[in-house]
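This report walks through one protein model, from its sheet to its core and its ligand shell. Please keep the structure open while reading.

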Amino acid sequence: MKPTIKIISTLILFASLTASASDETSDDKPAATSPDNSHGIAYPSGWQNWSTIAVSHRTDNNTIRTILGNDIAVKAARAGKTNPWPDGAILGKVVWKDTELKDWKAATAPGKFVHAEFMFKDSKKYADTYNWGWARWVGLEQKPFQKGMQICTSCHTPVKNRDWVFTDPALLPHVSY
Ligand code: HEC
């Protein structure tokens, strides 16, 4: 009787050890549950589920991007009401390093995650920065960028007449459903 109990308890111990070992060897570096603010702006939780407004590819630094929006932004984009964008709109841009599809080398696909950055439209709160709040979170760990909104706005100046936004919403067929 005794040896049987010992074998069973050894098996249980082994099982729990292997379970915790596999947790620790996971490659994911999950972001903190709530990343710190960037430029005083709170993390826009749930952006991973927002809809796509456009995509882009930069050949100067070999990155691929998707431009996303919250509900207010997507509605405005689909209706063509983007100059100005309405208050409450949040535009996101998610950037990955280029990689190629293993089974079709000519296809460029998203590889290493670079960062996610956002423009928050609020003409009262962000009147000093052209009616947008500018924030970025870097890497899969989503480290907040704190080098100043001026870095963002200076590069977006060429599109100040388009409400500071480069992106044209991608064309989509209008199909009723
Ligand atoms: C080196 C110039 C440069 C800097 C710096 C820069 N951007 Fe941009 N940004 C662009 C360009 C060009 C695009 C459009 C092309 C693309 O998809 O990358 C863009 C697009 C965006 C978009 C999608 C909406 C749009 O305008 O098309 C967001 C959101 C955005 N940037 C946020 C930021 C934030 C926040 C910062 C600062 C943390 C920042 N950007 C800094 C050049 C810049």
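The text below describes a predicted model, taking the sheet before the loops, the core and the ligand.

**The sheet**

The strands form an open sheet of six members, ordered β1-β2-β3-β4-β5-β6, and their pairing is antiparallel. Strands β1 (51-58) and β6 (143-144) lie at the edges; each has a single partner strand, so one side of each has no neighbour in the sheet.

At the β1 end, β1 and β2 pair in the antiparallel sense over seven bridges. Within this pair, Thr52 is placed opposite Leu68 of β2. Strand β2 also pairs with β3, again antiparallel and over seven bridges, and here Ile67 has Lys93 in β3 as its bridge partner.

Further along, β4 and β5 are joined by seven bridges in the antiparallel sense. One residue pair between them is Glu117 with Arg136 of β5, which are bridge partners. Strand β5 (residues 132-138) is then linked to β6 by two bridges, and these strands also run antiparallel. On the β6 side, Val138 stands opposite Lys143, and Trp137 has Pro144 as its bridge partner.

How much of β5 is buried? Six of its seven residues are, so the strand is largely enclosed by the rest of the structure.

Strand β4 (residues 104-121) contains Ala107. Is Ala107 buried or exposed? Ala107 has 10 other C-beta atoms within 10 Å and is exposed, because a residue with 12 or fewer such atoms in that range counts as exposed. Setting aside residues up to four places away in sequence, Ala107 touches Glu100 and Leu101.

A helix also packs on this part of the model. Helix α2 (residues 71-79) lies across β1, β2 (63-69) and β3 (90-101), and its direction makes an angle of about 75 degrees with β1.

**Turns and loops**

Two of the hairpins can be described by their turns. The hairpin of β1 and β2 has four residues between the strands, and Asn62 takes a positive phi there. The hairpin of β5 and β6 likewise has four residues between its strands, with Gly139 in the turn at a positive phi.

The table lists backbone angles for residues in turns and loops.

| Residue | Place | Angle |
|---|---|---|
| Asn62 | loop between β1 and β2 | phi near 50 degrees |
| Asn131 | loop between β4 and β5 | phi near 75 degrees |
| Gly139 | turn between β5 and β6 | phi about 70 degrees |

For Asn62, the positive phi occurs in a residue other than glycine, and Asn131 is likewise a residue other than glycine with a positive phi. Asn62 counts as exposed, with 12 C-beta neighbours inside 10 Å. Asn131 has 19 C-beta neighbours inside 10 Å and counts as partly exposed; the count falls short of the 20 at which a residue is called buried.

Another backbone feature is a cis peptide bond between Asn83 and Pro84, where omega is about 5 degrees. Pro84 belongs to the loop between α2 and β3.

**The nonpolar core**

In soluble globular proteins, nonpolar side chains tend to be buried together. In this model, the largest nonpolar core has 26 residues. Those with the most contacts inside the core are Ala73, Ala89, Ile90, Leu91, Phe118, Met119 and Trp134. The elements giving two or more residues to this core are β2, α2, β3, β4, β5 and α3 (149-156).

What does Met119 contact beyond its neighbours within four places in sequence? Leu91, Trp132 and Trp134 are in contact with Met119. Of these partners, Leu91 and Trp134 are also among the core residues with the most contacts.

**Around the ligand**

The ligand is surrounded by 21 residues, and the closest are Ser56, Cys152, Cys155, Phe166 and Thr167. Two or more residues of this shell come from each of β1, β2, β3, β4, β5 and α3.

Which element gives the largest share of the shell? Helix α3 does, with four residues. Sorted by class, the shell is made up of twelve nonpolar, four polar and five charged residues.

Methods
Residues numbered from 1 in each chain as written. Predicted model: local features only at pLDDT ≥ 70, side-chain atom pairs only at ≥ 80, totals over all residues. Pairing = 2+ DSSP bridges. Contact = placed C-beta atoms within 7 Å. Axes fitted to C-alpha atoms, helices over the stretch in contact; angles between N-to-C directions. Core = buried A, V, L, I, M, F, W, Y, C linked by C-beta atoms within 7 Å. Near = placed C-beta within 6 Å. Nonpolar A, V, L, I, M, F, W, Y, C, P; charged D, E, K, R; others polar.
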